[in-house]
Each structure stands twice: as structure tokens, then as C-alpha cells.
Amino acid sequence: MQLTDSMIHWSPASRSPVVSSWVGQLIYGLHSTSFGDCLIAKTAIGICQLEFFDSLIATDAEQKLQATWPNAEIRYQPAATAAIAQQILHHEIADPELFRLHVHGTPFQQQVWRSLLQIPRGVTTTYQALAIAIGHPNAARAVGNAVGKNPIAYLIPCHRVVRQSGELGGYRWGQDRKQQLLNWETQIR
DNA sequence: ACCGATCCACAAA
DNA sequence: TTTGTGGATCGGT
């Protein structure tokens, strides 16, 4: 299944592009998936963060969450995020209800991330094509910037954007993982 | 004022 | 044909 815009709650752009003023409970879990270990965090509204991590960084998870969501009450409740991890592990999004998102970003970032959702599985696009698509034909680099700040890996498929030249391009969680994700997605199933 | 998960033109090999 | 480099670009910090 494909995530649609209606499943996403776009947090109103706050003064700061990185810090959300959202107040409430935020629960998170650390899980193992076939693409590596990941942190999944959600508010009452939806998933607000999904990041892969390497063991060294894992200890910082809570600190990083608190930095982005300073007014949230953060709790470690892996049971609450396990089902999401499980469906990623099995490469299937079976239950759309689990996958509502709660996304925070500047208007430009939201615009970029929104267009990421329209890239079908198994397909790639380029930073430039994306820039053109959102009406900023010369902003390929700025788009790369925004893509790189995507807070919800995998579900907002930033790994499907590659360089115009055909090179893979960067990935916040490692080029290898980007390649793995793409390889898997292009396989028929 | 500076930094990118970029892109293009153009030169040199 | 391939590889390297320098400048343009623009939103975010």
C-alpha cells in the first residue's frame, strides 16, 4: 500500500525549522528491522520520527528526540511501536491505521517531503526533477538539503532520490542502506 | 556569511 | 570518452 497525503498531519511551521513546539506525550521504541536497527517515535497524532541508527548513536536517541521536541513528555514504550517495526521487518504495510504520520518542518521542507510521497515503489527520481516538480527549477541543491532532513525514513521515501548523473547520491543513514532499500524495492514480489 | 544528500559547462587527458 | 574542477544556485543555520 501507499501512504497518502490524507494520512499525514503536517505540523504547522513553527519559528524554528528543526524544533517543534508541539506539546504532549511522545513515545518511542528501538527495534531491529531487516534494514537495520531503528528508532520509531510517535505522538498521539502519528509517527513523528523514524530513523535508522548504528549502535553508537543509539544511546543518544532520547536526547535527540528531546532536542527536536523540547515540550514533549518522552517515554520509552517499545510495545507501542513494535507493530510498526514488525510490518517494516516483513516489508509490508498492512494496517494503514498504524501509519498515520505527524510531521514537522518548514513550508519548503513539507513541500519537498510531500512530493516524495508520490514516487512509487521501485522508481527513482532526481533532486533536479523534484526541484522542477515543486516549481523551483534551480533549487536542486536546496531540495537536496530538504530531502536530507526528512525525519521519517522509509515511510517518506527519501531513498528514492538519486543524482541526475546516475550516481546514488547521499543518504543520511549511509549509502549502503540506501542501496539496500532500492535493491529490495526493485525486486518483484 | 557560510554550508550542502546538486548540476552544468568546459577543459584536459 | 572519461575525469576533474569551478561557478551558479537557494533554503536553512
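In the predicted model, Tyr154 is located in the loop that joins α6 to β8. The backbone of Tyr154 has a phi angle near 70°, which is a positive value in a residue other than glycine. Although Tyr154 belongs to a loop, this residue is not exposed: its relative accessible area is 10%, and because buried residues are those under 20%, Tyr154 is counted among the buried ones.

The helix that precedes this loop, α6, spans residues 140-147, and within α6 the residues Val143, Ala146 and Val147 are buried. These three buried residues lie on the same side of α6, because the arc that they cover around the helix axis is only 100°. On that side, the buried residues of α6 pack against two other helices, namely α4, which comprises residues 107-116, and α5, which comprises residues 127-133.

In α4, the buried residues are Gln109, Gln110, Val112, Trp113, Ser115 and Leu116. The elements that cover these buried residues of α4 include the helices α5 and α6, and also the strands β1 (8-10), β6 (101-103) and β8 (161-162). The packing of α6 against α4 is thus found again when the surroundings are described from α4, whose cover includes α6.

The helices α5 and α6 also take part in the surface near DNA strand B, to which each of them supplies at least two residues. The largest share of this surface, 6 residues, comes from α6. In total, 15 residues surround DNA strand B, and the closest are Tyr127, Gln128, Arg141, Arg163 and Gln164. Of the atoms of DNA strand B that come within 4 Å of the protein, 45% belong to sugar and phosphate. When the residues of the surface near DNA strand B are grouped by chemical character, they divide into 6 nonpolar, 6 polar and 3 charged.

Individual polar contacts with DNA strand B involve both the bases and the phosphates. A base nitrogen of DNA strand B is found 3.0 Å from a polar side-chain atom of Asn145. At the phosphates, a polar side-chain atom of Arg163 lies 2.8 Å from a phosphate oxygen of DNA strand B, while for Gln164 a polar atom of the backbone is placed 3.0 Å from a phosphate oxygen of DNA strand B. Both Arg163 and Gln164 are also listed among the residues closest to DNA strand B. Helix α6 therefore appears in two settings in the predicted model, since its buried residues share the same side of the helix and the helix gives 6 residues to the surface near DNA strand B.

Key. Residues are numbered from 1 along each chain as its sequence is written. Chains are lettered from A and ligands numbered from 1 in the order in which they are written. This is a predicted model: local features need pLDDT of at least 70, side-chain atom pairs count only at pLDDT 80 or more; totals for chains, interfaces and linings use all residues. Side-chain values use heavy atoms; hydrogens and water are left out. Buried means under 20% relative accessible area, exposed over 50%, partly exposed in between (1.4 Å probe, protein chains only). Helices (H or I, at least four residues) and strands (E, at least two) are DSSP runs, numbered from the N terminus. The arc is that of the directions from the helix axis to the C-beta atoms. Contact means heavy atoms within 4.5 Å. A residue is near a molecule or strand if one of its heavy atoms lies within 4 Å of it. A polar contact is a pair of N or O atoms within 3.5 Å; within protein, one must be able to donate a hydrogen and the other to accept it, and residues adjacent in sequence count only if both atoms are side-chain atoms. Ala, Val, Leu, Ile, Met, Phe, Trp, Tyr, Cys and Pro count as nonpolar, Asp, Glu, Lys and Arg as charged, and the others, Gly among them, as polar.
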